[in-house]
Amino acid sequence: MCQQLRHQLAGYFSPIQLGVGTPGGSGAAVHATRRFIEAMPDGHVVAKLDFCNAFNSLRRDQMLRSVLSAVPGIYRFCHICYSNPSILKFDDRTILSQEGPNQGDPLGSLLFCVSIHPDLLRLQSELVAGFMDDLTLGGPPDVVAADLDYISSIQDGTGLRINASKSEIISRG
């Protein structure tokens, strides 16, 4: 099912989200960013963003809505898996996991990418390259800043928070 869905969604994600359905997607993201930086005019910037504990922070209600919209054929399966907290056992302790795809879920990467892709499509930067939970934006500072503001504005809805200590801005000039 994962292979079929990855191939099915490759066109949906490309060229923005390279983490699912794009063989060599991480290399493609790196090369696109490198080419952008090499040709970047003075005054432009590149923002490399990291999200805090991204997969474990993604809101499941958001994830399920995204699956229903983008991949309705697997919605009922995902609803069974994620509409209620997952029960995790550690020694004699029980922990309820209520956010994000379960660790080790073969669909986890796809579920994450499907969930954030509609928001990536709204970004206006000249460069928008996502590889799972790593996002790179590039362009004029005001446009990149507006995209960062947008990402910050949807944090409550997605559960994703920018990790400023692991993010960076690259500028020229």
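**Close-up views of helix packing and nonpolar cores**

**View 1. Helix α1 packs against helix α6 at an angle of about 20 degrees.** In this predicted model, α1 spans residues 2-13 and α6 spans residues 108-121. Their axes lie 12 Å apart. Angles under 35 degrees count as roughly parallel, so α1 is roughly parallel to α6. The crossing of α1 past α6 is left-handed.

**View 2. Side by side, α1 and α6 meet through a set of named residues.** From α1 come L5, R6, L9, Y12 and F13. From α6 come L110, C113, V114, H117 and P118. Sorted by class, this contact holds 8 nonpolar residues, 1 polar residue and 1 charged residue.

**View 3. The largest nonpolar core has 36 residues.** Three of its members touch the most others: V114, L135 and L137. Several elements give two or more residues to this core. The helices are α1, α4 (60-70), α5 (75-82), α6 and α7 (141-153). The strands are β1 (45-50) and β5 (134-139). Which element gives the most to this core? Helix α6 does, with 7 residues.

**View 4. V114 contacts residues from other parts of the sequence.** Neighbours within four places in sequence are left aside here. V114 is then in contact with L9 and F13, two of the α1 residues that meet α6. V114 also contacts S66, V67, A70 and V71.

**View 5. A second core is separate from the largest one.** This core has 5 residues. Among them are F36, V46, L127 and A129.

Note on methods
Residues numbered from 1 in each chain as written. Predicted model: local features only at pLDDT ≥ 70, side-chain atom pairs only at ≥ 80, totals over all residues. Heavy atoms only, no water. Axes fitted to C-alpha atoms, helices over the stretch in contact; angles between N-to-C directions. Helix = DSSP H or I, 4+ residues; strand = E, 2+ residues; numbered from the N terminus. Parallel < 35°, antiparallel > 145°, perpendicular 65-115°, else oblique. Left-handed = near helix turned anticlockwise from the far one by under 90°. Contact = heavy atoms within 4.5 Å. Nonpolar A, V, L, I, M, F, W, Y, C, P; charged D, E, K, R; others polar. Core = buried A, V, L, I, M, F, W, Y, C linked by side-chain atoms within 4.5 Å. Buried < 20%, exposed > 50% of the residue type's maximum accessible area, 1.4 Å probe, protein only.
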